Amino acid sequence: MLHVGINGFGTIGKRVADAVRAQPDMTVAGVAKRSPNFEATIATDRGYDLYAAGDRDPFEDAGIPTAGTVHDLVAASDVVVDATPSGVGAENASLYADHDTPAIFQGGEAADVADVSFNARANYDTAVGVRSVRVVSCNTTGLSRLFAPIEEAYGIEKARVTLVRRGGDPGDSSRGPINDTLPDPVEIPSHHGPDVQTVFPDLDIDTMGMKVPTTQMHTHSVNVTLASEPTSDAVRDLLSRESRLFLIPESLGIDGTGKIKEYTRDAGRSRGDVWENCIWAESVTVQGRDLYLFQAIHQEADVVPENIDAVRALSRRTASAEQSIARTNEALGIGRGLVQHEGTPARVDGLADD
Ligand code: NAD
């Protein structure tokens, strides 16, 4: 059983902790937080040992018991997942190195924070046995999962993506109230293209970014010039065989990200999380060698299974990417409860929500 510590218990950290708990081969060693806010009480309510990422006194003053400091947590962990705010992970790197504890960082950190920029579908093997990985950002994760099978099947000559980015997460009150549409960043390419190249070094990709006033999901408008000329149906079939891609059937009447979130809440998923890329099936169109599609990415959720696979890769506990991905998917319930492309019935077995 792998003991996984989670440093930072916010949007990503709390989801990773619940996902670790759901795995048959992992347990949560504890979680560390900086401030004794509502998420600290959630951590203790869920039975996680809570460690102070700074002074313990504010927690004790708030009546929230702590099991020690983050140093104690790192010492007690086989692997640490750092889910602290962007930039703090880099400050924590020496803490993990001092304890010789393998560490997983998030996409808000610069690529050089870790040995490898990681996506389970695209480059699991590069992370096997290294000391640190960076799970790439939600957008880069969504693009990597999409490009890996397309590159393997058809070859990619050039990718162009416009990312319509959510303005903030639902709890990000400091980013609002908002009512605007921004080219963001206004420079081209946006940072997303170079970030995708940390996973696919040879990929020719240009990206443009915008921000819009929604907290639901990101939406990508994707154009890929292929090296070959498949039919639209062939691409749909290829993508529908990928376990972390959900092709939204036209029959569901899901016309936007709001309905995707409503669907997954109705399906009984914890926090309404959408771990899969959501690709509108009817948008998948090939004209000549140009492939077009729209996909939506749930920024709070898609990196969560990738963190789990990164734990297995770092600790060499699973033989292959396929085994780890299948194990993670099964434990979390990825793909369950969703009507699949071509009318495949929804999987109805129980949902693993924590
Ligand atoms: P968050 O602000 O929701 O959570 C961060 C947590 O870390 C909070 O609980 C905070 O109290 C705690 N914290 C702050 N300073 C700390 C410290 N020094 N030590 C320990 N804990 C500390 O942030 P988030 O959205 O979960 O983002 C975490 C990382 O994940 C970032 O790198 C971010 O770029 C990346 N990421 C975020 C999203 C997203 O949409 N939220 C998606 C993908 C990747």
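**Exercise 1. Describe the overall build of the protein chain.**

Of the 354 residues of the protein chain, 55% count as buried, where buried means under 20% relative accessible area, exposed over 50% and partly exposed in between, with a 1.4 Å probe and protein chains only. The model is a predicted one, in which local features need pLDDT of at least 70 and side-chain atom pairs count only at pLDDT 80 or more, while totals for chains, interfaces and linings use all residues. Residues are numbered from 1 along each chain as its sequence is written, and side-chain values use heavy atoms, with hydrogens and water left out.

The next step is the secondary structure, which comes to 12 helices and 16 strands, these being DSSP runs numbered from the N terminus (helices H or I, at least four residues; strands E, at least two). The radius of gyration is 20 Å, close to the 20 Å that the globule rule gives for 354 residues, so the protein chain is as compact as a globular protein of that length; the radius is taken over C-alpha atoms, and the rule is 2.2 Å times the number of residues to the power 0.38. Along its principal axes, the C-alpha trace spans about 65 × 45 × 40 Å.

**Exercise 2. Locate the salt bridge partners of Arg46 and Arg134, and state whether each residue is buried or partly exposed.**

Begin with the total: the structure holds 27 salt bridges, each defined as a side-chain nitrogen of Lys or Arg within 4 Å of a carboxyl oxygen of Asp or Glu.

Arg46 pairs with Asp18, with the closest N and O atoms 2.7 Å apart. This pair links distant parts of the chain, since Arg46 sits in the loop between helix 2 (38-45) and strand 3 (50-52) and Asp18 in helix 1 (residues 11-22), 28 residues apart. Arg46 is partly exposed at a relative accessible area of 28%, whereas Asp18 is buried at 3%.

Arg134 meets Asp195 at 2.6 Å, N to O, and here strand 8 (residues 132-135) is joined to helix 8 (residues 192-196) across 61 residues. Arg134 is buried, with a relative accessible area of 2%, and Asp195 is buried as well, at 13%.

**Exercise 3. Place the salt bridge between Asp233 and Arg236 in the secondary structure.**

The closest N and O atoms of Asp233 and Arg236 are 2.6 Å apart. Both residues lie in helix 9 (residues 232-240), 3 residues apart, about one turn of the helix. Arg236 counts as buried because its relative accessible area is 15%.
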